[in-house]
Amino acid sequence: MVRQSTMLHVRMDSELKREAIQALAAMGLTASEAVRLLFHRIAVDQAFPLELKVPNADTKRAMAEVDEMVKNRRARFANADEMLADLERAARG
């Protein structure tokens, strides 16, 4: 029995598409084959084939801190030495 095929249209950044197609070609795959493979794994495993996680509370706080630093255009440390000293203090407890 022949299965009916259907089209899937996806919008994405042109540069991302170019880079991905280039990488896939190096693996011997076309973009269509890669998408079919992705969908096949999802259907067979009933799961997304990459680990996706909701950030925990610590990660959410760190992400918010980075957003604030970017917004204010100000880093937490003035230089690498300050950052390393802070890491060493945190490692000691």
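In the predicted model, D86 forms a salt bridge with R89, and the closest N and O atoms of the two side chains are 3.6 Å apart. Both residues belong to helix 4, where a spacing of three residues places them about one turn of the helix from each other. D86 is partly exposed, with a relative accessible area of 26%. R89 likewise counts as partly exposed, at 48% relative accessibility. This pair does not stand alone, since salt bridges that share partners join E65, R76, D86 and R89 into one network.

Within that network, R76 forms a salt bridge with E65, and here the closest N and O atoms are 2.6 Å apart. The contact links distant parts of the chain: E65 lies in helix 3, whereas R76 is located in the loop between helix 3 and helix 4 (80–92), eleven residues away. R76 has a relative accessible area of 47% and is therefore partly exposed, as the value falls between the limits of 20% for buried and 50% for exposed residues. E65 is also partly exposed, with a relative accessible area of 29%.

A further salt bridge is found in helix 3 (residues 57–72), the helix that holds D58 and R61. The side chains of D58 and R61 meet at 2.2 Å, taken from N to O. Because these two residues are three positions apart in the helix, about one helical turn separates them. Both D58 and R61 are exposed. In total, a search of the whole structure finds seven salt bridges, among them the pairs described above. As a general matter, side chains of opposite charge can pair when their charged atoms come close.

Apart from these charged pairs, the surface carries a nonpolar patch formed by L8, V10, M12, L16, V35, L38, F39, F48, L50 and L52. Together these residues present about 980 Å² of accessible area. The greatest contribution to the patch comes from helix 2 (residues 31–45), which supplies three residues. Another member, L16, is situated in helix 1 (residues 14–26). L16 is partly exposed, with a relative accessible area of 49%. This value exceeds the 30% required of patch residues, so L16 meets the accessibility condition for inclusion in the patch.

Conventions:
Residues are numbered from 1 along each chain as its sequence is written. This is a predicted model: local features need pLDDT of at least 70, side-chain atom pairs count only at pLDDT 80 or more; totals for chains, interfaces and linings use all residues. Side-chain values use heavy atoms; hydrogens and water are left out. A salt bridge is a side-chain nitrogen of Lys or Arg within 4 Å of a carboxyl oxygen of Asp or Glu. Helices (H or I, at least four residues) and strands (E, at least two) are DSSP runs, numbered from the N terminus. Buried means under 20% relative accessible area, exposed over 50%, partly exposed in between (1.4 Å probe, protein chains only). Patches are made of residues with over 30% relative accessible area and no salt bridge: like charges are joined within 9 Å, nonpolar side chains (Val, Leu, Ile, Met, Phe, Trp, Tyr) within 5 Å. Accessible areas come from the Shrake-Rupley method with a 1.4 Å probe; for residues, only the protein chains shown count as cover.
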